[in-house]
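Reader: Please take one part of this model and look at it closely, then follow it outward into what surrounds it. I would like the reasoning to be shown where there is any.

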Amino acid sequence: MPAFEDSDFISPPLSPKSGAEQQQRIPSISARDTSLPVGSHGGNLPIPADGHGRNAIEVPATRSSISDAEAYMHQLSLSPSMKDRRGSRNSFGASLPIPRSKRQSRLSSVHYPDGHPVRPGMPPIQPTREILAAQVQDLSHEKVRAAKDMAFVFDIDGVLVHGDRLIPEGKRVLEILNGDNELGIKIPHIFLTNGSGKPELARVQQLSKILHSPISTDQFIQSHTPMRALAEYYKTVLVVGGEGYRCREVAEEYGFEDIIVPNDIVAWDPTIAPYRVFTEEERATSRPRDFTKCNIEAILVFSDSRDYATDMQIIMDLLRSENGRLGTMAKDPVSQRIPIYFSQGDLLCPTEHPFPRMSQGAFRIGLEAMYKALTGVDLERVVYGKPELATYKYADEVIASWMEEIHNDERLPKNIYMIGDNPASDIIGGNMYGWNTCLVRTGVFQGGDNDENNPANFGVFKNVLEAVQAACKKELGDNFRFEFDETINPTQVKGGVSAIE
Ligand SMILES: [Mg+2]
């Protein structure tokens with residue numbers, strides 16, 4: 001399986017301070033790995049160790065758990081080079097739990113664009129067509145084997161869609177991968193986005209409608225999807241970000257028992273957020289209680305904050321409290337501090353606005369700087385999402401499981417292609433994980449031949465269709481045809497041919 005190389009973690013130190021830490025090796029990944037110094041401090045973000053984690057795997061953090069604020073205070077680098085990123089990848093003992101099985105407590109659901117199964121790009125179901133495809137596949141063993149030994153991982157925004165707008169080549173790509181190809185075979189593919197803020201099913205329904213293709217929640221990962229594993233560790237959590245109460249819904253679906261959102265706290269004590277104008281409707285829909293009587297065990301930032309002032313104030317109050325109890329102030333800001341998790345680290349996000357807007361990464365860096373200014377110590381935190389290792393490990397699980405669903409063969413295909421528009425997340429993460437990476441020109445990347453800092457190793461393509469066709473030709477042969485011939489006579493198909501002729 002492709003993985004990080006040891007050399008990734010023994011790069012020369014970037015700063016004298018982190019020299020010793022740079023030499024750390026990432027421990028091997030196993031559930032409840034006792035070699036991880038869980039619960040200690042001075043660089044280790046504590047995770048409760050007792051009685052939890054039966055259904056979770058803890059993946060060592062590859063991004064430093066120490067605040068980035070210092071580096072960002074005076075210079076704002078938007079695209080750290082791969083070299084810098086590699087040099088800064090240390091475990092520091094922190095780990096990111098991901099679900100042991102991606103199927104646990106998840107309602108598997110395929111959503112079809114118009115509510116019933118269709119074969120994208122093809123006429124209504126004809127039973128003979130399935131038989132025909134099976135006959136064609138029977139006669140092309142090598143190609144079939146190669147088609148099952150490749151998989152695509154798609155970033156969504158800037159690759160398949162722009163917000164709610166379809167990128168036309170994205171629709172065609174899904175038709176091809178869902179069976180409109182010379183073998184009539186499904187070529188495995190999943191979706192991996194740093195998007196957030198809605199339950200998976202709602203996101204899949206929306207995407208399926210835009211792309212006119214069936215998409216299953218079992219082939220879909222958004223930034224907070226792996227964070228469902230944290231429900232095994234924490235009972236009472238503050239969930240931050242997103243529209244209205246959608247992230248509360250997400251957390252409920254993930255199995256968190258006691259979910260608090262900032263509105264619940266403002267409704268209990270409006271003076272906590274002096275600049276907040278709280279509407280009657282918000283008051284009516286919030287769930288206030290006496291928060292001096294409960295300990296919030298962790299802060300989970302699931303999506304972009306809709307009110308930086310209120311959210312930052314409440315998060316800062318909690319980080320500085322005694323074990324997450326509002327109304328208290330910790331004597332020791334480190335040992336009594338509750339952990340904070342972010343679902344992704346993107347600094348900026350492209351929108352309809354001419355210049356990209358600030359995203360969760362910018363919110364996080366603001367918090368880190370405030371925390372350092374107020375306490376004098378660095379904030380330790382965990383960041384999920386691309387390009388973090390845990391997210392890619394989880395993607396492997398999802399691909400293998402999806403293989404079982406479509407080909408009854410639960411394993412990881414050998415040749416995985418990541419297709420993305422953002423060199424600083426899609427491409428750097430795919431490169432470090434040993435995947436083939438394809439950069440497309442339909443989104444963030446606007447550069448020349450390839451990105452200078454994080455070049456895509458399989459190349460740069462005008463759009464997703466060109467990238468998918470190039471990858472299929474490499475694995476299945478230059479003459480591979482991107483449509484299924486309904487009139488084909490299987491007896492005419494050449495048998496036992498090599499995949500690449
Ligand atoms: Mg993108």
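Author: The part chosen here is the end of helix α15 and what lies around that helix. Directly after α15 comes Gly-477, with a positive phi near 110 degrees. The model is a predicted one, and every value below is computed from it.

The helix itself can be checked for length. α15 covers residues 464-476, which makes 13 residues, and at 1.5 Å a residue it should span 18 Å; the C-alpha atoms at its ends are 18 Å apart, so expectation and model agree. Seven of its positions deserve naming: Val-464, Ala-467, Val-468, Ala-471, Cys-472, Glu-475 and Leu-476 are buried. Viewed along the axis of α15, these buried residues occupy an arc of 135 degrees, so they line one face of the helix.

What lies against that face? The cover over the buried residues of α15 includes two helices, α5 (141-148) and α6 (168-177), and the strands β4 (150-154), β17 (415-420), β18 (436-440) and β19 (459-461). Across β4, β17, β18 and β19 lies α15, and it runs at about 150 degrees to β18.

Those four strands belong to an open sheet of six, in the order β9-β7-β4-β17-β18-β19, with parallel pairing. At the edges are β9 (220-221) and β19, each of which pairs on one side only. Strands of a sheet pair through backbone hydrogen bonds, and the pairing may be parallel or antiparallel.

Within the sheet, the pairings can be followed outward from β4. Five bridges join β4 to β17, and the two run parallel; in that pair Phe-152 has Tyr-417 of β17 as its bridge partner. With β7 (residues 189-192), β4 shares three bridges, again in parallel, and here Phe-154 is partnered by Phe-191 in β7. Going the other way, β17 is joined to β18 by four bridges, and these strands run parallel. Met-418 stands opposite Thr-437 in β18.

How covered is β4? Five of the five residues of β4 are buried, so the strand is mostly covered. In a regular strand the side chains alternate between the two faces of the sheet. In β4 both faces are covered, with Met-150, Phe-152 and Phe-154 buried on one side and Ala-151 and Val-153 buried on the other.

Strand β2 (residues 95-99) can be described in the same terms. Five of the five residues of β2 are buried, so this strand is largely enclosed by the rest of the structure. From β2, Ser-95, Pro-97 and Pro-99 point one way, Leu-96 and Ile-98 point the other way, and all are buried. The pairing of β2 with β1 (residues 56-60) is antiparallel and has five bridges, with Glu-58 opposite Pro-97.

A residue beyond β9 leads back to β2. Ala-231 sits in the loop between β9 and β10 (236-240). Its C-alpha atom is 9.8 Å from that of Pro-99, although 132 residues separate Ala-231 and Pro-99 along the chain. Ala-231 has 24 C-beta neighbours inside 10 Å, so it counts as buried. Its contacts, leaving aside neighbours within four places in sequence, are Tyr-254, Gly-255 and Phe-256.

Next comes the nonpolar core. The largest one has 118 residues, of which Val-237 and Leu-300 touch the most other members. Helix α13 (residues 389-407) gives this core its largest share, nine residues. Not counting residues up to four places away in sequence, Leu-300 touches Met-227, Leu-230, Val-237, Leu-238, Val-239, Val-240 and Tyr-341.

On either side of α13 there is a backbone feature. Before it, Pro-387 lies in the loop between β16 (382-383) and α13, and the peptide bond from Lys-386 to Pro-387 is cis, with omega near 5 degrees. After it, Asn-408 lies in the loop between α13 and β17. Asn-408 is not a glycine, yet its phi is positive at about 55 degrees. With 7 other C-beta atoms within 10 Å, Asn-408 is exposed.

His-212 also has a positive phi of about 55 degrees without being a glycine. Its place is the loop between α7 (200-211) and β8 (215-216). His-212 has 17 other C-beta atoms within 10 Å and is therefore partly exposed.

Definitions and conventions: Residues are numbered from 1 along each chain as its sequence is written. This is a predicted model: local features need pLDDT of at least 70, side-chain atom pairs count only at pLDDT 80 or more; totals for chains, interfaces and linings use all residues. The expected span of a helix is 1.5 Å times one less than its number of residues. A residue is buried if 20 or more other C-beta atoms lie within 10 Å of its own, exposed if 12 or fewer, and partly exposed in between; C-beta atoms are placed from the backbone. The arc is that of the directions from the helix axis to the C-beta atoms. Two residues are in contact if their C-beta atoms, placed from the backbone, lie within 7 Å. Two strands pair if DSSP finds at least two bridges between them. Axes are lines fitted to C-alpha atoms, for helices over the stretch in contact, and angles run from 0 to 180 degrees between N-to-C directions. A nonpolar core is a set of buried Ala, Val, Leu, Ile, Met, Phe, Trp, Tyr and Cys residues joined through C-beta atoms within 7 Å.
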